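User: I like to get to know a protein by starting from one spot and working outwards. Could you take a close look at a single part of this model for me?
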Amino acid sequence: MQAHRPPSITCRRVIFGLLVLFSLAVMASLMAFVLAPGGFNGVKLALLTCFLITLPWLVVGFWHAVIGFGIMVFARDPAGLTCPIDPAGASQGIPERATALLSCIRNENVQEVERKLDAMVSGLVTRSVEEGFALYVLSDTSDDRIAEEEAEIFEAMRQRWHGRISVVYRRRTVNTGYKAGNIADFCARWGHLHRYAITLDADSYLAPETLVALVQRMEANPQVGILQTLAVGLPSKALFARVFQWGMRLGMRSYTLAAAWWQGDCGPYWGHNAILRLEPFRTQCMLDPLPGRGPLAGAILSHDQIEAVLMRRAGFEVRVWPVEDGSYEENPPNLIEYVRRDLRWCHGNLQYVKLLTLKGLKLVSRIQLLMAILMYVSSIAWMAFIAITVYASLAAPPETLQFDSGLGMVMFAVVMTMVFAPKASSLCYVMMSTNRRKGFGGGARVAISAICEVVFTMLLAPLMAITHTLFVIMLFAGARVGWQRQERLPKGVGWAMAMRKFWPQFGLGCLGIWWASQFPLAMQWLFLPIVTGPALVLPLTVFSSMPSLGAIADRYGFWRLPEEREKPAEFRLLENGGLAAEDLQQSGPAVLPR
């Protein structure tokens, strides 16, 4: 199928590409001038190479911030500008049982999963659209005790909704292919029965209006193969999650709008809170294990982006619907869970090295895969840059690392500006409107929350770079990586657990403090952003995991999301555990699915 593109998309891509290439050239030249005094040697060339590897993500993020800010401020319809799919038919009904809701779970808190699914089904029933959907709970649970609980709870759910919506529970005893294999098994068994599938993680929650709107947009736009919603964080009592998702919320808006502006029909798929057109997905997006041996072979962990580029290769559009309403997820409640999830993504993204040469991919698709790889390779390059600098300052002759300190300060300021540009642009946008400020807690709270979140990010960034580097070293040394259970509820982390998980980062942080102390006092502040986070990893882990501190932040309105100030209707369903018995009686006659 030939996908439709607005005439301006090629122009947008050319403009964005030129901006990025020009910025890369300027930054590379500036770094070369910083290192030029005394001539170039092996150490300086290694530093320049590492810096160049870190540049693409930095530059792309900066221009996303600039373009996204312009779209937010000046565009009458930002979503329509960046996702120009026809909303015609929004007032029409949806086909009967056309859409499968796929809840993919593995060793989860079963009651929490059921609570969200029950609320979603309840919302569909209250709007009398339940006949358009069927629910599939696709379990890969390996714990027999949890599996027994799953079978009991979802059988009760099936009976509760009998005559209104079909509820199917299936458990695989072998986790073949991980989540992609789980969905592939659904496609083989039941995919032919449905036109669309909406993918849900265990922590996903979508408003009924969003579920219906996704189906209506797919019905009105047969050229779209995947439509991805902009999932935002559910309100959380966990301090780590509150700070993390508040900062992510600020950076995500401008970043996603700009990315959708130039990527257009080659958009991303994030594996959940999205709707798939099942026929092309079943025939074009099934993933075989990667050949060979070693850590990059076997089942693909980060399956989503590969499925997106394969869907685009088949001629169907992949779009992001950049609206911050009605699509939610839960963020990790503590640093340990955040790291566990991130390292799984790291492993999966590195596997893309074997897929860059797939035949028939669009240029934009190849760039997306390369950027996904660089997301984590840049962390390793940053650590290598620091390691080389430490070596040159402690062991090499003094003349080895001569540099222009004045230009070095300019470079530092430019880099920091680029790092914080996405969040700064969205923060400016929030502060420009009284209503938006109130939604995030009010001007004073927004300002305090922003300052604290910047400090949090500066502590977290070097810590994660060290973690990525250690993980990749262990991965290629033969360490095995599994798909472990994800803890999603607020739960404190003790000092002993923090030390057991992060002792290498803590040790390197202490060594970094010692190394920074060897420099003149006037220069030591330059190294504080690098060494402080790892050195403080233990208290950062313990205190940010405390539910009591999260409750205090919630009570006083810090890191508040707009949904906490004015709760959407779908939140009441979630808080009440779905419909009460009297609501069921009032929601109309049962419609038997066929």
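Let's start with Thr467: is this residue buried or exposed? Please go on from there to whatever else helps me picture the surroundings and the rest of the chain.

Analyst: Happy to! Thr467 is buried, with a relative accessible area of 5%; buried means under 20% relative accessible area, exposed over 50%, and partly exposed in between, with a 1.4 Å probe and protein chains only. Before we go on, please keep in mind that this is a predicted model, where local features need pLDDT of at least 70 and side-chain atom pairs count only at pLDDT 80 or more, while totals for chains, interfaces and linings use all residues. Residues are numbered from 1 along each chain as its sequence is written, and side-chain values use heavy atoms, leaving out hydrogens and water.

Thr467 belongs to helix α15, which covers residues 443–476. (Helices, H or I with at least four residues, and strands, E with at least two, are DSSP runs numbered from the N terminus.) Leaving aside residues up to four places away in sequence, Thr467 touches Val339, Leu343 and Gln505, where contact means heavy atoms within 4.5 Å.

Aromatic residues come next. Ring pairs link Phe240, Phe244, Tyr338 and Phe456 into a cluster. Rings of Phe, Tyr and Trp (its six-membered ring) pair if their centres lie within 6.5 Å; planes under 30 degrees apart are stacked, over 60 edge-to-face, and the rest tilted. The structure as a whole holds 16 aromatic pairs. One of them joins Phe62 and Trp63 edge-to-face, with 5.1 Å between the centres and 70 degrees between the planes. Trp63 is buried, at a relative accessible area of 17%.

Now for the charged partners. There are 26 salt bridges in the structure, each with a side-chain nitrogen of Lys or Arg within 4 Å of a carboxyl oxygen of Asp or Glu. Let me walk you through three of them, starting with the one between Asp554 and Arg242, whose side chains meet at 3.4 Å, N to O. Asp554 sits in helix α19 and Arg242 in helix α8 (residues 239–263), so this bridge ties together parts that are 312 residues apart in sequence. Both partners lie under cover: Asp554 counts as buried at 16% relative accessibility, and Arg242 counts as buried at 1%. Elsewhere, salt bridges with shared partners join Glu112, Arg115, Lys116 and Glu330 into one network.

Another bridge connects Arg170 with Asp185, and here the closest N and O atoms are 2.9 Å apart. Arg170 lies in strand β3 (residues 166–171) and Asp185 in helix α6 (residues 178–190), so the two tie together parts 15 residues apart in sequence. Arg170 is a buried residue, with a relative accessible area of 5%.

The third bridge brings together the side chains of Glu219 and Arg195, at 2.6 Å from N to O. This pair also links distant parts of the chain: Glu219 is in helix α7 (residues 208–220), while Arg195 is in the loop between α6 and β4 (196–200), 24 residues away. You will find these partners partly exposed, Glu219 with a relative accessible area of 33% and Arg195 with 41%.

Helix α18 deserves a visit too. Six of its eight residues (the helix covers 537–544) are buried, so α18 is largely enclosed by the rest of the structure. The buried ones are Val537, Leu538, Leu540, Thr541, Val542 and Ser544.

Finally, two backbone oddities in loops. Most residues other than glycine have a negative phi. Asn107 is not a glycine, yet its phi is positive, about 55 degrees. You can locate Asn107 in the loop between β1 (99–105) and α4 (110–126), where it is buried with a relative accessible area of 7%. Trp559, also not a glycine, has a positive phi of about 55 degrees as well. Trp559 is in the loop between α19 (547–555) and α20 (562–565), and this tryptophan is buried, at a relative accessible area of 13%.

To come back to where you started: Thr467 is a buried residue of helix α15, touching Val339, Leu343 and Gln505 beyond its sequence neighbours up to four places away.
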